[in-house]
Amino acid sequence: MSSTTDPEPGPGPAGGRLTRAWQGFRQHVLRNTLITLAAATVVTTVVTAVTERLIAEDPPPTCPGTDCDGRSPESTDCGADAGSHRPTESNPATLDIRYNPRCQAVWGRILTGEPGDRVTVQVTGGGAAEAQINYETDQFTKMVAVDPTAFHVEVCAVPGDGPDRQATWQRYCVEATHETDFTLR
């Protein structure tokens, strides 16, 4: 008596070959299905573990809040995941307000200035910082602490007065608050 899932072996050697071929095919499909499922489970487990580890290991800032005052965003890892507010109009020296909510700090950055140009940052009711471009075209200030729930900051580009100065822009400022959209750059 045969099972309903197995083909009925016919008379003679051809029927036995069909039965063996069918059984071999079933074993092959079953084995490959099990291997595929095991591989998918392993990959899913590894991806989940790595993702959870990356999320859980978001490094805490080395200087949250007032501990960031006067410190470099680069040496504290605050610059790596900071957002920028960069107006596209009336911004001849490409001035940014940088903000990192994890570090609870802001700073100013000028990208297309000249040696001698300065960038300043001033938090209303808080601290201030300033930096000058010594060479190349860019510079950033040290950080100034902010209250992430309510702050107002002003960053200014101040032209240098050197005799070789090529740019013609005048001092200008950019403002932002805790409600400003800061884009990762």
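Q: Which residues does Leu95 touch, not counting residues up to four places away in sequence?
A: Some ground rules come with this predicted model: local features need pLDDT of at least 70, side-chain atom pairs count only at pLDDT 80 or more, and totals for chains, interfaces and linings use all residues. Residues are numbered from 1 along each chain as its sequence is written, and side-chain values use heavy atoms, with hydrogens and water left out. Contact means heavy atoms within 4.5 Å. With residues up to four places away set aside, Leu95 touches His85, Arg86, Pro87, Arg109, Ile110, Val119, Val155, Cys156, Ala157, Tyr172 and Val174.

Q: Is Leu95 buried or exposed?
A: Leu95 is found in strand β2; helices (H or I, at least four residues) and strands (E, at least two) are DSSP runs, numbered from the N terminus. Buried means under 20% relative accessible area, exposed over 50% and partly exposed in between, using a 1.4 Å probe and protein chains only. Leu95 has a relative accessibility of 0%, so it counts as buried.

Q: How far apart are the C-alpha atoms of Leu95 and Val155?
A: Val155 is one of the residues that Leu95 touches. Along the chain the two are 60 residues apart. Their C-alpha atoms are nonetheless separated by 7.8 Å.

Q: Which residues have the most contacts inside the largest nonpolar core?
A: A nonpolar core is a set of buried Ala, Val, Leu, Ile, Met, Phe, Trp, Tyr and Cys residues joined through side-chain atoms within 4.5 Å. In soluble globular proteins, nonpolar side chains tend to be buried together. Here the largest core has 23 residues, and the ones with the most contacts inside it are Leu95, Val106, Ile110 and Val153.

Q: Which elements give two or more residues to this core?
A: The protein has one helix and 10 strands, and 31% of its 185 residues count as buried. Those that give two or more residues to the core are β2, β3 (105-110), β4 (118-123), β5, β8 and β9.

Q: How many residues are in the other core, which lies apart from the largest one?
A: Cys68, Cys78, Cys103 and Trp107 are among its members. Altogether, this other core is made of eight residues.

Q: What is the strand order of the open sheet of four strands?
A: Two strands pair if DSSP finds at least two bridges between them, and the pairing in this sheet is antiparallel. Its edge strands, each pairing on one side only, are β5 (128-132) and β9 (172-177). The twist averages 15 degrees from one strand to the next, with axes as lines fitted to C-alpha atoms (for helices over the stretch in contact) and angles running from 0 to 180 degrees between N-to-C directions. The order is β5-β4-β8-β9.

Q: Which residue in β9 is the bridge partner of His152?
A: Strand β8 (residues 152-158) runs antiparallel to β9, and six bridges join them. Val153 stands opposite Ala176. The partner of His152 is Thr177.

Q: Which side chains of β9 point to one face and are buried?
A: In a regular strand the side chains alternate between the two faces of the sheet. In β9, Cys173, Glu175 and Thr177 point to one side and are not buried. Pointing to the other face, and buried, are Tyr172, Val174 and Ala176.

Q: How many residues apart in sequence are the parts that the Tyr99 and Phe151 pair ties together?
A: Rings of Phe, Tyr and Trp (its six-membered ring) pair if their centres lie within 6.5 Å, with planes under 30 degrees apart counted as stacked, over 60 as edge-to-face and the rest as tilted. Tyr99 and Phe151 form a tilted pair, at 4.9 Å centre to centre and 50 degrees between the planes, and both residues are buried. Tyr99 lies in strand β2 (residues 95-100) and Phe151 in the loop between β7 (144-145) and β8, so the separation in residues is 52.

Q: Which residue lies over the face of Trp169?
A: Trp169 also forms an edge-to-face pair with Tyr172, at 5.7 Å centre to centre and 80 degrees between the planes. A charge sits over a ring if NZ of Lys or CZ of Arg is within 6 Å of the ring centre and within 35 degrees of the ring normal. At 4.8 Å from the ring centre of Trp169, the residue over its face is Arg165.

Q: Which residues does Asp69 touch, not counting residues up to four places away in sequence?
A: Asp69 sits in the loop between α1 (13-56) and β1 (83-85). With a relative accessible area of 38%, Asp69 is partly exposed. Beyond residues up to four places away, Asp69 touches Met143, Val144 and Ala145.
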